[in-house]
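Please look through the model shown here with an eye to how its parts pack together. The paragraphs below begin with an enclosed space and move outward from there.

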Amino acid sequence: MDETRGTAPGRPTAPAPAPAAARATPRTASPSTARAINDRLALQLLQNEGPLTAGELKTGTGLSRPTVADLVERLQAAGLIAVVGESGARRRGPNARLYGIVADRAHLAAVDLRTDSATIAVADLLGRVQAETAVPVGPDTDPAQAAANGVAALEKLLGAAGAARPHAVAVGAPGLVDPATGRFRGTEGVPAWHAALVTALGALPAAPVLLENEVNLAAIAEQRDGSARGRDTFVLLWLGHGTGAAVVLDGRLRRGASGGTGEIGFLPVPGTGGLPTAAGCDGGFHSLAGSAAVCELAAEYGIEAGDPGGSDPGAPPAEALVRAAVHAGGAGAAFLDALAARIALGVAAVCAVLDPGCVVLGGETGRAGGDALAGRVADHLARMSPLHTEVRAGTVGGRAVLRGAVLAAMDAAQDDLFGPAG
């Protein structure tokens, strides 16, 4: 079991709020509250659109010219925006000044924890990665040493980016995380060095650590940059070494009472020859769609993996087999149809309970299948469920967890510096 959910207490890593331009200042707001809302409105617009003139800020926010002039002065004094150029070759003067967010006002750290490595990135306040490295961790490495190596790698990256410290750190990891404490809920099946590194990162000065399940972070990335862009309700079905899901309803990640929302590997489904237990997901959906099960199914159809084509060395074996089947035709098409029928069983159960309207097939296996697999799953689903549900292939790629961690850290830092989003 390698996919569960969780978050640090009090700092939910929810997907992006509705566009700021769609939110109006409450009429009952106090002057200070109104100023804070207007500032966030303008900053959100600058983030979404890039540098703008004061006139463009006025148009985009719907605020009056004096209000815009006041907030521009206030945000400049706070070091959050600066003049970054002029608009047009012929325009000069105050009205032509372009204002942009000061991206190096704060730096973020993102960490993707795997069984044998940690990938660490440092990004600016706009989520643009400036430095990145992978830290290998051997099976016999002492957890304390692994944690020390991870912190040292982060400090080196920060130095390369010209930053003294991270303003926020987001960590994506497999394993159950308690939503009440923001810590790993259990250590069974989780490398000991994961918890050691998270603890060490939490000891850094003035850098809150947001611990989130890897599938949830991948869902954030798909919503901001990928197949679920523009949707506030969808499910990301993760197909990798194991199976998992992230549930986004009305713009919010849903984690459940114990952080276990999306434990789809334990879902009882036909065709497994047994039932899952509290101690393991064998007999559940995992036994139909996990990497080992997909490899067995591929063998039945005579599918062999071709050139890995630059796949991540840690990717599940099923990824290469599914990719080969997409281009094989004949037996490859038959295999994909059989796999889609299995996946549709889990998707149909999710849709019957949540009716998300959209399911994204993520993880290494889901992405490898692309539209060929997603289309077949949609066809099988349509025969089983009366609920209209789009099935899409994930598009963010193998770095979805790290990208989601960058976005989560960016949200936390911006909420701190810009004020909480409305």
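Val-235, Leu-237, Ile-264, Val-347, Val-350 and Val-359 line the second largest cavity, where a cavity is a set of points, on a 1 Å grid over the protein atoms alone, at which a 1.4 Å probe fits but cannot get out, and lining residues have an atom within 4 Å of a point. Strand 8 and helix 10 (331–354) are the elements that give two or more residues to this lining, helices (H or I, at least four residues) and strands (E, at least two) being DSSP runs numbered from the N terminus. By class the lining holds 6 nonpolar, no polar and no charged residues, with Ala, Val, Leu, Ile, Met, Phe, Trp, Tyr, Cys and Pro counted as nonpolar, Asp, Glu, Lys and Arg as charged, and the others, Gly among them, as polar. The volume of this second largest cavity is about 30 Å³, taken as the space filled by probe spheres set on grid points that are joined across faces, edges and corners, and a search of the whole structure finds 2 cavities of 30 Å³ or more.

The model is a predicted one, in which local features need pLDDT of at least 70 and side-chain atom pairs count only at pLDDT 80 or more, while totals for chains, interfaces and linings use all residues. Residues are numbered from 1 along each chain as its sequence is written, and side-chain values use heavy atoms, with hydrogens and water left out.

Strand 8 also belongs to an open sheet of 5 strands in the order 10-9-8-11-12, with mixed pairing; two strands pair if DSSP finds at least two bridges between them. At the edges are strand 10 (252–253) and strand 12 (390–393), each of which pairs on one side only. Within the sheet, strand 8 (residues 234–239) and strand 11 (residues 358–362) are paired in the parallel sense over 4 bridges, and Val-235 has Val-359 of strand 11 as its bridge partner. Helix 6 (residues 214–225) packs on this sheet and touches strand 8, strand 9 (243–249), strand 10 and strand 11, contact meaning heavy atoms within 4.5 Å. The direction of helix 6 makes about 125 degrees with that of strand 8, where axes are lines fitted to C-alpha atoms, for helices over the stretch in contact, and angles run from 0 to 180 degrees between N-to-C directions. Helix 11 (residues 363–384) lies across strand 8, strand 11 and strand 12, at about 145 degrees to strand 11.

Another open sheet has 5 strands in the order 5-4-3-6-7, again with mixed pairing. Strand 5 (129–136) and strand 7 (209–213) stand at its edges with a single partner strand each, so one side of each is left without a neighbour in the sheet. From one strand to the next the twist averages 15 degrees. Strand 4 (residues 117–124) pairs with strand 5 in the antiparallel sense over 7 bridges, and the bridge partner of Ala-118 in strand 5 is Val-135. Helix 6 packs on this sheet too, touching strand 3, strand 6 and strand 7, with its direction at about 95 degrees to that of strand 7.

Conventions: On a 1 Å grid over the protein atoms alone, a cavity is a set of points where a 1.4 Å probe fits but cannot get out, and a pocket is an open set with protein on both sides within 12 Å along at least five of seven lines; lining residues have an atom within 4 Å of a point.
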